[in-house]
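Me: I'd like a close look at one part of this model, the edge of its sheet. Could you walk me through it?

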Amino acid sequence: MSSRLLELLFAFRTGRDALSLADFVRDTGLPHPTVRRLVAELTEAGALDRREDGKYTIGLRLWQLATLTPRTESLRALAKPFMDDLYTALRQHVQLAVLTEDHAVIIERMSAPQAVGLVSQVGGKLPLHCSGVGKILLSHAESSYVEQVLNGRLARYTPHTKTDPDELRKDLASCRQTGMSTVRGELTDGADSVATRIVDGQGRVVAALSVVVRSGSVPLQAAIPSVMASGLGISRALGWKPGTTIRTG
């Protein structure tokens, strides 16, 4: 039974992050009734999520386990001292996120008791088009992937959420040029964020770091230098050196 469950989970791969029951049957060769029963078990356990269109995606509980992998664990360990300093200086939400399929996933967060309330927690997913970390990660992805996201369904979370693809392309171009993103109330009413990229020794953007503040509580321009400095510090710890070409895709 357990090997069959793994067969279903391993059917997911890059470019195929949402699967129907028919997809599972075709990919695994298992009978349809078996697939239906096993998918129901995985969904009930939180390992899979069922979308409105009937397709299945990797569930939140499985993503939370994924944050414990050596790749993300080492990144978290390297980033922790810099996040500590940033948190001490600003006393706001400080979070680290990575790109996973069609979302940014939070792999570490520090939060002050008085900071603005947020829905997502560690292991939670953030949309790419309207979160600070999401825009940073999306802006450095392959152009075909960027267009896939921009031409897909762009949910509107607040009156300030940008859903126009051309407007978002301008935002992403700015992210690539400056290495930072400023988002004002696009994902959560009353919450603004400043985000920057984390780059490894090969020039790949492997994560994004952000500070999320209550609108009006902290001037975002004042937070930018601290966030940028922390991002550069983490990047140096990963082997990045000034002058290294920042890769996209």
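How many bridges join strand β4 to β5, and do the two run parallel or antiparallel?

Reply: Two bridges join β4 (residues 103-110) to β5, and the strands run antiparallel. One to look up is A104, whose bridge partner in β5 is L126. Bear in mind that this is a predicted model, where local features need pLDDT of at least 70 and side-chain atom pairs count only at pLDDT 80 or more, while totals for chains, interfaces and linings use all residues. Residues are numbered from 1 along each chain as its sequence is written, and side-chain values use heavy atoms, leaving out hydrogens and water.

Strands here are DSSP runs of E, at least two residues, and helices are runs of H or I, at least four, numbered from the N terminus; two strands pair if DSSP finds at least two bridges between them. Now step back to the open sheet of six strands: the order is β5-β4-β3-β8-β7-β6, with antiparallel pairing. β5 (125-126) and β6 (180-184) stand at the edges with a single partner strand each, so one side of each has no neighbour in the sheet.

β4 starts at residue 103, and H103 also turns up in the second largest pocket (an open set of 1 Å grid points where a 1.4 Å probe fits, with protein on both sides within 12 Å along at least five of seven lines). That pocket holds about 910 Å³. Its 27 lining residues have an atom within 4 Å of a point, and the closest to the centre are R51, T57, D102, H103 and R153. β1 (48-50), β2 (56-58) and α7 (143-150) each supply at least two lining residues.

Conventions. Grid points are joined across faces, edges and corners, and a volume is the space filled by probe spheres set on the points.
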